[in-house]
Amino acid sequence: MLVWILFITLIIIFLALDLGVFNKHEHVIKSKEAAIWTAIWVTVAMSFSGVIYWLFTDGLVENPTNLTPNTAVLKYITGYLIELSLSIDNVFVIAVIFSAFKIPALYQHRVLFWGILGAIVFRGLMIFFGVALITKFEWIIYVFGVFLLWTAYKMLKGDEENFKPKDSWVFKQIGKIYPITSDFHGHDFFVKLKGINAATPLFVALVVIELTDVLFALDSIPAILAITADPFIVFSSNILAILGLRSMYFLISRMLDKFRFINYSLVVILAFVGLKMLFSHMLELPEWLSLAVISLALLSGIAASLLIPEKETHEEVEQDE
């Protein structure tokens with residue numbers, strides 16, 4: 001338990017420094033700043049693999065699946081890359097939510113900060129129950145596998161592209177439970193108008209982002225559980241990837257059109273881990289192969305997006321003529 005307490009304390013310190021020191025004064029996050037912070041978070045996460053090796057070498061953390069230090073490191077990095085790659089899809093949805101509620105760029109970091117804090121709590125609970133389910137009911141791994149394949153199929157069809165936050169069930173329920181104002185009042189989530197407390201668009205966007213992240217976690221948690229059922233590896237890889245989501249959002253949200261092939265990478269990753277779950281009792285793949293497939297799928301999607309020129313639409317051709 002000491003290792004868990006120290007890790008969670010470290011995360012709290014990171015979050016406190018983020019909001020209380022580095023972003024004490026609200027400002028618009030520029031691409032250069034976002035790139036620096038993305039590099040910092042990725043470096044921290046990858047460096048943590050050394051901590052994983054040390055913990056498993058000295059037996060300082062519970063090892064229910066009897067992992068060797070080298071295998072534990074490979075599983076941690078693979079789990080981290082899965083969560084990081086699936087977070088890219090989350091960026092697209094966050095951009096849609098901010099656009100729908102017209103959230104000023106000045107306050108977007110504040111909304112994402114509290115969204116990340118809530119995501120850590122919810123994901124911790126989902127990981128705990130997910131590991132417990134797999135440990136107690138081995139057949140649940142087949143359910144997770146089928147679910148991931150279904151998610152990959154839906155993503156391939158593009159069913160998620162028509163997401164409209166203001167038409168969502170969540171938005172309608174918030175309005176029924178609590179008064180909502182369409183006006184912004186600085187960075188406040190709540191405001192008192194004529195003696196009545198009302199939620200600002202910042203709070204509404206926060207709730208929609210939070211619940212949307214829970215839906216994304218339904219994909220990412222089973223995906224990581226396909227790699228390992230070790231609770232500390234699943235939790236640490238997931239949370240460290242989530243911590244870098246804010247800077248990643250500000251880095252790539254302005255370049256969403258350039259990453260038009262990244263969804264195909266996510267389809268491949270989800271399909272691969274789904275199949276790995278379904279055949280887990282018949283076929284055991286080496287850890288380096290899982291890492292290689294996931295890395296190759298992600299890099300191929302990014303490379304294709306950057307190297308393949310986008311076709312001009314018919315209207316654009318007519319305007320050029």
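**Exercise 1. Classify Phe98 and its ring partner.**

Task: is Phe98 buried or exposed?

Solution. Phe98 has 3% relative accessibility, so Phe98 counts as buried. The cut-offs are these: buried means under 20% relative accessible area, exposed means over 50%, and partly exposed lies in between, with a 1.4 Å probe and protein chains only. The model is predicted: local features need pLDDT of at least 70, side-chain atom pairs count only at pLDDT 80 or more, and totals for chains, interfaces and linings use all residues. Residues are numbered from 1 along each chain as its sequence is written, and side-chain values use heavy atoms, with hydrogens and water left out.

Next, take the rings. Rings of Phe, Tyr and Trp (its six-membered ring) pair if their centres lie within 6.5 Å; planes under 30 degrees apart are stacked, over 60 edge-to-face, and the rest tilted. This rule gives 16 aromatic pairs. One of them joins Phe98 and Tyr249, at 5.6 Å centre to centre and 75° between the planes, and is edge-to-face. Phe98 sits in helix 3 and Tyr249 in helix 9 (residues 245-252), 151 residues apart, and the pair links distant parts of the chain. Helices (H or I, at least four residues) and strands (E, at least two) are DSSP runs, numbered from the N terminus. Tyr249 has a relative accessible area of 5%, so Tyr249 is buried.

**Exercise 2. Classify a second ring pair.**

Task: state which geometry Phe128 and Phe129 adopt, and why.

Solution. Use two quantities. A pair of aromatic rings is described by the distance of the centres and the angle of the planes. For Phe128 and Phe129 the centres are 5.3 Å apart and the planes stand at 80°, so the pair is edge-to-face. Now check accessibility. Phe128 is exposed because its relative accessible area is 55%. Finally, look for a cluster. Ring pairs link Trp4, Phe7, Phe48, Tyr76, Phe232 and Phe235.

**Exercise 3. Describe the largest pocket.**

Task: give the volume of the largest pocket and the makeup of its lining.

Solution. Start with the rule. On a 1 Å grid over the protein atoms alone, a cavity is a set of points where a 1.4 Å probe fits but cannot get out; a pocket is an open set with protein on both sides within 12 Å along at least five of seven lines; lining residues have an atom within 4 Å of a point. Grid points are joined across faces, edges and corners, and a volume is the space filled by probe spheres set on the points.

The largest pocket has a volume of about 650 Å³. It is lined by 21 residues, and Lys75, Ile141, Ala226, Ile227 and Ser280 are the closest to its centre. Helix 4 (105-136) and helix 10 (262-278) each supply at least two lining residues. By class, the lining holds ten nonpolar, six polar and five charged residues. Here Ala, Val, Leu, Ile, Met, Phe, Trp, Tyr, Cys and Pro are nonpolar, Asp, Glu, Lys and Arg are charged, and the others, Gly among them, are polar.

**Exercise 4. Describe the second largest cavity.**

Task: find which helix gives the most to the lining of the second largest cavity.

Solution. There are five cavities of 30 Å³ or more. The second largest has a volume of about 80 Å³. Its lining residues include Asn90, Leu112, Ile116, Ile209 and Asp213. Helix 3 (69-100), helix 4 and helix 7 (201-225) each supply at least two of the lining residues. Helix 4 gives the most, with four. The lining has six nonpolar, two polar and two charged residues.

**Exercise 5. Trace the core and two buried residues.**

Task: identify which members of the largest nonpolar core touch the most other members, then list the contacts of Arg246 and Ile221.

Solution. A nonpolar core is a set of buried Ala, Val, Leu, Ile, Met, Phe, Trp, Tyr and Cys residues joined through side-chain atoms within 4.5 Å. The largest has 93 residues, and Ile11, Ile82 and Leu243 touch the most other members. Helix 3 gives the largest share of this core, 16 residues.

Contact means heavy atoms within 4.5 Å. Leaving aside neighbours within four places in sequence, Ile11 contacts Ile120, Ile239, Leu240 and Leu243.

Arg246 is in helix 9. Its relative accessibility is 3%, so Arg246 counts as buried. With the neighbours within four places set aside, Arg246 contacts Leu15, Asp18, Trp41, His109, Leu112, Phe113 and Ile116.

Ile221 lies in helix 7. At 4% relative accessibility, Ile221 counts as buried. Not counting residues up to four places away, Ile221 touches Met126, Ile127 and Asn238. The C-alpha atoms of Ile221 and Ile127 are separated by 6.6 Å, with their positions 94 residues apart along the chain.
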